Structure formats: structure tokens, C-alpha cells
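Q: I am new to this structure. Can we read it together, one feature at a time?

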Amino acid sequence: MNNANKADVLLGLQWGDEGKGKIVDVLTPHYKMVARFQGGPNAGHTLVFEGKKYILHTIPSGIFHKGCWNVVGNGVVLDPFIINKELDQLNIPLEELKSSLFVCGKAHLILPSHRLLDAAFENKKGNYKIGSTLKGIGPAYTDKVARTGLRLMDTATDNFMDKYESLKSEHLRLAEGLDYAIDELLLDGLSFPEYEKAWFAGLERLKELPRVQSEVFVNEALDKGARVLAEGAQGTLLDIDFGSYPYVTSSNTITAGACIGLGLAPARIGEVFGVFKAYCTRVGGGPFPTEVHGGDGERLREHGQEYGSTTGRPRRCGWLDLPALKYAVMINGVTRLIMTKADVLNTMEKIKVCIAYNVDGETRDSMPLTGNLESMEPVYKELNGWNRSLDEINTFEELPQELLDYVAVIEDFVKVPVDIISTGADRKQILIRKGAGILQRLSVV
Ligand code: IMP
């Protein structure tokens with residue numbers, strides 16, 4: 001037993017799309033295990049190396065490193081159709097996957113009819129759409145909590161097909177009640193029956209992967225001294241409890257979610273790496289105080305290629321929101337900050353950063369939970385941009401002074417150090433600060 005060995009957690013501090021996949025990929029050589037603990041194919045973790053781009057939806061971002069154990073934890077929801085497509089893209093032989101990808105039998109399945117329901121519910125919401133990725137996430141987690149869901153381990157039971165058909169009929173009845181015409185539905189370009197067929201084919205492939213109980217697998221690995229990195233999906237401000245409800249996803253995206261979604265005791269959490277973008281984006285509906293329409297917002301979208309990696313939708317863009325970041329740092333217990341996409345700001349003459357909000361005639365420097373939030377106005381501090389490319393920069397310390405000043409403003413506000421800055425999509429475009437605490441952590445891991 002090695003109780004001193006703890007799992008580190010890496011997660012997003014904004015509304016998702018912070019660039020977590022790339023950072024996990026960069027840190028993986030220091031870990032034996034990378035484990036996803038929540039969410040499902042609504043996620044799109046992008047990795048770029050050797051001139052090729054890969055987008056992972058369910059499979060952990062450590063998959064490209066030989067010898068790394070990638071775990072899909074009990075807290076994740078699985079769509080066999082989508083996993084099957086991911087496995088095709090990876091092109092890793094099954095024999096190799098058998099020693100690198102492990103799926104928890106307790107993980108719940110996203111049925112084709114969950115995706116149907118997601119579409120039916122969104123359709124009914126009219127002007128109040130959440131902007132769901134329509135991957136069936138909400139309905140699958142709803143069935144989990146209602147104790148009517150199906151888990152991967154259930155597929156081995158004799159009456160699995162009866163349970164499947166019964167749940168599907170229930171969903172079809174619900175969709176009918178919502179006046180949703182199933183005939184009009186296309187799921188990834190397929191009709192419902194076509195999708196269902198491909199879903200079952202995917203399930204057969206999924207069954208070939210090693211099945212684990214993530215709580216036992218992860219804790220035993222820690223006991224034996226293996227280093228574990230828990231990989232979050234989406235972001236803190238999309239958390240079901242602490243995000244901008246109801247414009248949230250249906251899982252706990254925060255550090256506590258790693259405990260639930262992997263079976264880790266709170267005392268077994270070590271460092272918490274919080275990833276944030278040098279500005280903010282949000283895809284889907286819901287409040288976004290620092291959103292910029294047109295002008296600089298448009299420039300951020302174009303320079304940052306801010307289009308959903310799962311849905312292709314244009315992302316809403318705006319300035320960095322420090323009170324929101326500070327809230328995310330608090331709720332997650334973040335110990336090290338990692339800033340991504342700094343290069344997207346390269347051509348900005350002036351950079352704004354939100355340091356407070358005006359709400360109901362009052363100025364507050366923390367995230368307000370009550371009052372007229374719709375009319376909330378951000379208060380900005382304006383900084384000079386660096387106006388140059390970061391391509392030739394090889395160390396954190398050589399970064400332009402204006403960028404270092406920007407980092408200092410962030411650190412001063414949230415009181416956690418920025419240890420890493422990412423300056424591009426490629427795994428090589430990464431700068432770690434000299435003497436940063438994360439280096440010490442990584443040297444022991
Ligand atoms: P759902 O989780 O697909 O139901 O989507 C709920 C909300 O979370 C919507 O606003 C989505 O756009 C957003 N969302 C879900 N997953 C992600 C993600 O991985 N990145 C960014 N936004 C996401």
C-alpha cells in the first residue's frame with residue numbers, strides 16, 4: 001500500500017475547449033496512466049503532432065504514448081458508434097489496444113434513442129436552447145440518475161436485449177410526446193435504424209477491449225506507485241452544479257468529479273492543473289459576460305480557429321474573465337495554472353482583461369450569483385499587446401515583456417502561478433517556466 005502516492009488532475013477552467021488534450025499529451029510521458037472521469041463524446045480533445053491532427057472524443061489523450069494505460073472511468077458515458085469511429089481513426093492494432101485502453105464496466109451507455117431524445121428536448125426548448133452537442137449526454141446521465149440506464153457490464157447479461165428494447169420504447173414514447181418526428185432525424189448522417197445497426201457493431205468492438213473496475217484499477221495502480229493523471233472534459237463553468245445552470249453539461253467537470261468518476265478518495269488527489277485559454281470562448285447558449293460581438297471577437301475566432309471540434313459550430317469569443325477564473329481556481333483547488341493559445345493574441349494592439357463586473361449599480365470583483373445578471377457589465381483593465389510572433393521563442397523567460405505583464409496580472413488576481421504557456425497547436429509549442437513547481441512534480445512522476 002502506498003497511500004502517499006496521489007493522482008494529479010488536469011481540467012478546464014472555462015467553458016471547455018481550453019486545449020486540455022494537447023497539454024495531457026505533453027504531460028503523458030511523466031505518467032503511467034491517463035484516466036477520463038466524466039463526460040463523453042460531447043468532448044473533442046485535439047492533438048497535433050508530426051503534421052497530423054487527431055480529435056479524441058472518449059478515448060483519453062495519452063493513447064499515442066506507448067506503455068501508457070488509458071482508462072475510461074465509471075463516470076464517463078459511452079457511445080459505441082463514436083468509440084468505433086475513434087478507434088478507426090487511431091488505427092492502433094487490437095493487440096496493442098489490449099494493453100493500452102481499459103474501459104470501466106460501470107460506465108453507462110448512450111443509446112441511439114438517447115441521442116433522439118437529446119434532439120427532441122432541444123427542439124422543444126425554442127429560444128432557450130442549451131446548444132447541446134446532441135450526443136445524447138443529458139438523456140444518458142438522466143437515465144443513470146433515474147436508475148434506468150444500461151451499463152457496459154450489462155451487455156454481458158442474458159436479458160440485455162430485452163432491457164435495451166424496453167428502454168428504447170420508453171424513449172420513443174417520450175420523443176413522440178414531444179412531437180418529435182424520428183423519421184426526420186439524422187445521426188451523423190445516418191437514419192435511426194442505420195445508426196442503431198452501426199451502434200451494435202461498435203458495441204461488439206467495444207466488448208473486445210479490456211474491461212476493468214476503474215476504482216480498483218486506479219487505486220491499485222496508485223498503491224503500486226504508478227503515476228496517474230485524471231483528464232477532465234468540458235470546463236468548470238459547464239459543471240452541472242457550479243456552472244451557469246441550466247446552460248451546462250450533465251456531469252461534474254470539477255476536481256470532485258474525478259473522485260466520483262474514477263472512485264478516488266479525496267485524499268488521493270495530488271496536484272490540480274487548471275488549463276485556461278488566454279481569452280474566453282463558449283459554444284452554445286448561456287451567459288458570457290466578456291463576449292465581444294464582431295471586431296476583436298471576430299479576430300479571436302479567426303486567429304484561434306474557434307470552431308467546435310465536435311460540432312464545427314463557430315464559438316462565441318471574448319476577453320479573459322478573471323473573477324470567473326478565480327472562482328474556477330477555488331472550486332477545483334487548482335495548484336498550477338497552464339495558459340493556452342497565447343499566440344492567438346499576437347496581433348492585438350490592446351488586450352483587455354475583465355477584473356470586475358457592474359451589476360445593479362454595484363461593482364463586484366467576484367462572480368455574482370444573484371441580481372440582474374443579464375445586464376452585468378464587465379469592468380476591464382487594458383494592457384498593451386506584444387504585437388509579434390512567438391514562433392522563435394524557446395523559453396518562458398524570453399517571452400515578450402507585455403505577455404509576461406499579462407501573466408503577472410492573472411497571477412496577482414487568482415494567486416496561483418502560471419507554470420506553462422502553450423504557444424501553438426503542436427505538441428512542441430510549449431514553454432515551461434524555469435523553476436516552476438510543476439517541474440518538480442513532473443520530475444518525481
Ligand atoms: P451537452 O453536454 O452536449 O449536452 O452540451 C451542453 C452544453 O455544454 C452546450 O452549451 C455545449 O456546447 C457545451 N459543451 C459540451 N461539451 C463541450 C465541450 O467539450 N467543449 C465545449 N463546450 C461543450
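A: Start with a term. A residue is called buried when its relative accessible area is under 20%, and exposed when that value is over 50%. Keep in mind that this is a predicted model.

Q: How many residues of helix 9 are buried?
A: Helix 9 spans residues 255–262, and six of its eight residues are buried. They are T255, G257, A258, C259, G261 and L262.

Q: What covers the buried residues of helix 9?
A: The cover includes four strands and two helices that you can find by number: strand 1 (7–12), strand 2 (33–36), strand 10 (228–231) and strand 11, with helix 8 (214–223) and helix 11 (322–332). Now look just past the end of helix 9. There G263 has a positive phi of about 80°.

Q: Which residues of helix 2 are buried?
A: Here is the general idea for reading a helix. An α-helix has 3.6 residues a turn, so residues three or four places apart point the same way. Now the case. Helix 2 (residues 80–90) is mostly covered, with eight of its eleven residues buried. Those are P80, F81, I82, I83, N84, E86, L87 and L90.

Q: What happens at the start of helix 2?
A: A side-chain oxygen of D79 comes within 2.8 Å of the backbone nitrogen of F81. After helix 2 comes N91, with a positive phi near 60°.

Q: What is the strand order in the open sheet?
A: The sheet has ten strands in the order 9-7-5-2-10-1-11-15-19-20, and the pairing is mixed. Strand 9 (211–212) and strand 20 (430–432) are at the edges; each has a single partner strand, so one side of each lacks a neighbour in the sheet.

Q: How many bridges join strand 15 to strand 19?
A: Three bridges join them, and the two strands run parallel. Strand 15 covers residues 336–340, and strand 19 covers 418–422. One pair to find is M339 with its bridge partner I421 in strand 19.

Q: Which strands does helix 12 lie across?
A: Helix 12 (residues 401–414) lies across strand 11 (269–277), strand 15 and strand 19. Its direction is at about 140° to strand 15.

Q: Which residues come nearest to the ligand?
A: There are 15 residues around the ligand, and N42, S132, T133, T249 and V283 come nearest.

Q: Where are polar atoms of the protein placed beside the ligand's oxygen and nitrogen atoms?
A: A ligand nitrogen is 3.2 Å from an N or O atom in the side chain of D17. A ligand oxygen is 3.2 Å from a polar backbone atom of I130. A ligand oxygen is also 2.9 Å from a polar backbone atom of V283. On its own the ligand has 460 Å² of accessible area, and the protein covers 96% of that.

How values were computed: Residues numbered from 1 in each chain as written. Predicted model: local features only at pLDDT ≥ 70, side-chain atom pairs only at ≥ 80, totals over all residues. Heavy atoms only, no water. Pairing = 2+ DSSP bridges. Contact = heavy atoms within 4.5 Å. Axes fitted to C-alpha atoms, helices over the stretch in contact; angles between N-to-C directions. Buried < 20%, exposed > 50% of the residue type's maximum accessible area, 1.4 Å probe, protein only. Near = heavy atom within 4 Å. Polar contact = N/O pair within 3.5 Å; in protein donor to acceptor, adjacent residues only side chain to side chain. Areas by Shrake-Rupley, 256 points an atom, 1.4 Å probe, with all protein chains shown as cover.
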